[in-house]
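Hello, and thanks for sharing this one. Here are my notes, set out point by point so that you can follow along in the viewer.

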Amino acid sequence: MTFNDIFKSNFLNNITSINLLDMLLALILAFGIGLFIFFIYKKTYSGVMYSSSFAVTLVALTMITTLVILAVTSNVVLSLGMVGALSIVRFRTAVKEPLDIAFVFWAIAVGIVLAAGLITLAVTGSIMIGIFLLLFVNRKSHVNPYIIVLSCSDHNSEISAMSFLEEKVKRIVVKSKTARKESVELNLEVRLQDDSTDFINTLAEMEGVKNAVLVSYQGDYMG
């Protein structure tokens, strides 16, 4: 019997269709866990601009994935067609936050697991992932990093400014230094002793200091 003979036979008619109750249960659970993912994303978001549309997309993505996998597991011909159709789809939306990728894969994984009938795995895994994210994503460092952009008129004023900063901050690291005629510019990573930033005003008023900028930053410094 050839491959074509299999599809010409009654094989397709004997495929068990999706039970309506099972389908509704899977979609309702997908919606519930999708809302849980939505809640965790909202609580752990630490970016600059919160996107409510992306958060809602996580719920929809969970349900859509469940729907697609249910269709694939119910009909062998449809599964082959979907493989071909999905292989030509390209998504070019930029992901602004690296953690957003984890939420997208989380939503897709939950949809796949629910459609496969592994409800306990989907619920338990989602709870554990949610707890992990709540505990570690918004965990703040005791000493927040800052960048000071310091512009001095000469080498002597640079030495005076650095001596002043060493007394006012816990830790100071020179990230970059640009020396020009009658100008020295420094990019310094510092750890403050407390939450007060008043020392930057005093630093800007020192003789030979042209300007001083204090910037809070996250992540690696590129310079």
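1. Which helices do the buried residues of helix 6 pack against? Please keep in mind that this is a predicted model. The partners are helix 2, residues 20-44, and helix 5, residues 98-115.

2. Let me step back to the overall layout. The chain contains eight helices and four strands, and from the N terminus their order is α-α-α-α-α-α-β-α-β-β-α-β. Of the 223 residues in the chain, 28% are buried. Taking contacts between residues at least 6 apart in sequence, 73% of them join residues at least 24 apart. The accessible surface is about 14900 Å², and carbon and sulfur atoms account for 61% of that.

3. Back to helix 6, which covers residues 119-136. With 18 residues at 1.5 Å a residue, helix 6 should span 26 Å, and its end C-alpha atoms are indeed 26 Å apart. The buried residues here are Ala122, Ser126, Gly130 and Leu133. Viewed down the helix axis, these buried residues fall within an arc of 70°, so they line one face of helix 6. On the face turned away from that buried side you will find the exposed residues Thr120, Leu121, Met128 and Leu135.

4. Helix 2, one of the packing partners, passes the same kind of length check. Its 25 residues should span 36 Å at 1.5 Å a residue, and the end C-alpha atoms are 36 Å apart, which agrees. The buried residues in helix 2 are Ala26, Leu27, Ala30, Ile33, Gly34, Ile37, Ile40, Tyr41 and Thr44.

5. The surface deserves a look too. A nonpolar patch is formed by Leu25, Ile119, Val123, Ile127, Ile131, Phe132, Leu135 and Phe136, with about 720 Å² of accessible area together. Which element gives the most to this patch? Helix 6 does, with seven residues. One residue of the patch to click on is Phe132, which is found in helix 6. Phe132 has a relative accessible area of 48%, so it counts as partly exposed; the cut-off for exposed is over 50%.

6. Now for the charged side chains. Side chains of opposite charge can pair when their charged atoms come close. The count of salt bridges comes to four. Arg171, Lys175, Glu189 and Arg191 are linked in a network of salt bridges.

7. Glu189 is a good place to start in that network. Its side chain meets that of Arg171 in a salt bridge at 3.6 Å, N to O. Because Glu189 lies in strand 3 (residues 183-192) and Arg171 in strand 2 (residues 169-180), this pair ties together parts that are 18 residues apart in sequence. Glu189 also meets Lys175 in a salt bridge, at 3.1 Å, N to O. That pair again links distant parts of the chain, with Glu189 in strand 3 and Lys175 in strand 2, 14 residues apart. A further salt bridge joins Glu189 to Arg191, with the closest N and O atoms 2.5 Å apart.

8. Is Glu189 buried or exposed? With 7% relative accessibility, Glu189 counts as buried. Two of its partners are listed as partly exposed: Arg171 at 42% relative accessibility, and Lys175 with a relative accessible area of 35%.

Definitions and conventions
Residues numbered from 1 in each chain as written. Predicted model: local features only at pLDDT ≥ 70, side-chain atom pairs only at ≥ 80, totals over all residues. Heavy atoms only, no water. Patch = residues over 30% accessible without salt bridge, like charges linked within 9 Å, V, L, I, M, F, W, Y side chains within 5 Å. Areas by Shrake-Rupley, 256 points an atom, 1.4 Å probe, with all protein chains shown as cover. Helix = DSSP H or I, 4+ residues; strand = E, 2+ residues; numbered from the N terminus. Buried < 20%, exposed > 50% of the residue type's maximum accessible area, 1.4 Å probe, protein only. Expected span 1.5 Å × (residues − 1). Arc of directions from axis to C-beta. Contact = heavy atoms within 4.5 Å.
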